[in-house]
Amino acid sequence: MIEVKMIADSVSEFGVRICTLQLKYPRFIHSEFMTHRVFSRSASSSRAIPINKIISQVWNSPAMPVHWGANISGMQAKKELTGWKLTAAKLTWITASKFACVFAYLFSKIGLHKQIGNRILEPWQYINVIVTSTEWDNFFELRIHPDAQPEIKELAGAMYRCINHSTPKLVEHGDWHLPYITDEEKIYFGDDVYTLLKASTARCARVSYSNHDGSKPDIQKDIDLHDKLVASRPIHASPAEHQAIPGGEDMWHKNFRGWVQYRDYVEQTIYNNENDEELGNGC
């Protein structure tokens, strides 16, 4: 079960587009997704999610391969198993997930922390990821390709369709690309950009607009989470890479072209003691 959703789609006055997508895919292809360095990513963590929740997901809906390739030399399995061999492969995969759930449950009863117990469930987990980028062509060229692993090929195809079926909104100079911020919130908070930046950062850290329990977000809790992330030492600033302000057509700022990450302002504020007034004006 691979899911792709457009969270924010913006284009600057220079015509440079930036997209933020929310993804759900099998965790066993996450390492391949992580090789694309132009992406800014935030992902759900096995260390943070309660073990009972992961056990429930793996037990009821384990992540499965989409192509059951027959074993041959090399990296690509072109031909799929058929007949009883295909049935046996799927049954063995599911049975292995059940055994992993039993052992994870025993770990929890022993009192082992979820950062260890959840690890043995990872081959059957789904992972939720926020990804933001201005550059997608190389990813699509590599991953929508016959030689790509079928699961990441399916993910890349879904991302490609999502981006091409979306219409970006113009973000003028001084305004921000703000994932998970609603139009109603933009109207309500008006010129209070800093609050919206904090809320967006917190929601990207949770990889969801909603809280983990499914409830609507609380702005003050969002602010508290943001401050906890960026005020820590070392700072945990990766969720602040998804918010961006236009910064010139062909100018590169870290891994974005034509856009400057909120993370830049966070780091400048922390390390150079710049004040919030400049940030609010989009400087």
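The following exercises, with worked solutions, concern a predicted model.

Residues are numbered from 1 along each chain as its sequence is written. Local features need pLDDT of at least 70 and side-chain atom pairs count only at pLDDT 80 or more, while totals for chains, interfaces and linings use all residues; side-chain values use heavy atoms, with hydrogens and water left out.

**Exercise 1. Helix α6**

Find how far α6 reaches, which of its residues are buried, and what covers them.

Step 1. Helices (H or I, at least four residues) and strands (E, at least two) are DSSP runs, numbered from the N terminus. Helix α6 spans residues 150–164, which is 15 residues.

Step 2. The expected span of a helix is 1.5 Å times one less than its number of residues. From first C-alpha to last, α6 reaches 21 Å, close to the expected 21 Å.

Step 3. Buried means under 20% relative accessible area, exposed over 50%, and partly exposed in between (1.4 Å probe, protein chains only). In α6 the buried residues are Glu-151, Ile-152, Leu-155, Ala-156, Gly-157, Ala-158, Met-159, Cys-162 and Ile-163.

Step 4. The cover over these residues includes the strands β1 (3–12), β2 (17–26) and β4 (126–133), together with the helices α1 (30–33) and α5 (137–143).

**Exercise 2. Salt bridges**

Locate the partners of Lys-78, Asp-222 and Glu-267, and say how exposed the residues of each pair are, where this is known.

Step 1. Side chains of opposite charge can pair when their charged atoms come close. A salt bridge is a side-chain nitrogen of Lys or Arg within 4 Å of a carboxyl oxygen of Asp or Glu. By this rule the model has 15 salt bridges.

Step 2. Lys-78 pairs with Asp-147 at 3.0 Å, N to O. This pair links distant parts of the chain, 69 residues apart: Lys-78 is in the loop between α2 (51–60) and α3 (83–110), and Asp-147 in the loop between α5 and α6. Lys-78 is exposed at 53%, and Asp-147 is partly exposed at 38%.

Step 3. Asp-222 pairs with Arg-206 at 2.8 Å, N to O. Asp-222 belongs to helix α9 (residues 219–230) and Arg-206 to helix α8 (residues 193–206), so the bridge ties together parts that are 16 residues apart in sequence. Asp-222 is buried at 0%, and Arg-206 is buried at 12%.

Step 4. Glu-267 pairs with Arg-263, with the closest N and O atoms 2.8 Å apart. The two are separated by about one helical turn, because they are four residues apart in helix α10 (residues 262–272). Glu-267 is partly exposed at 21%. Salt bridges with shared partners join Glu-241, Lys-254, Arg-263, Asp-264 and Glu-267 into one network.

**Exercise 3. Positive phi**

Place Tyr-180 and Lys-254 in the chain and give the phi of each.

Step 1. Most residues other than glycine have a negative phi.

Step 2. Tyr-180, not a glycine, has a positive phi of about 70°. Tyr-180 lies in the loop between β5 (169–171) and α7 (183–189), and is buried at 7% relative accessibility.

Step 3. Lys-254, also not a glycine, has a positive phi of about 55°. Lys-254 lies in the loop between β7 (252–253) and β8 (256–257), and is partly exposed at 45%.

Note on methods:
Contact means heavy atoms within 4.5 Å.
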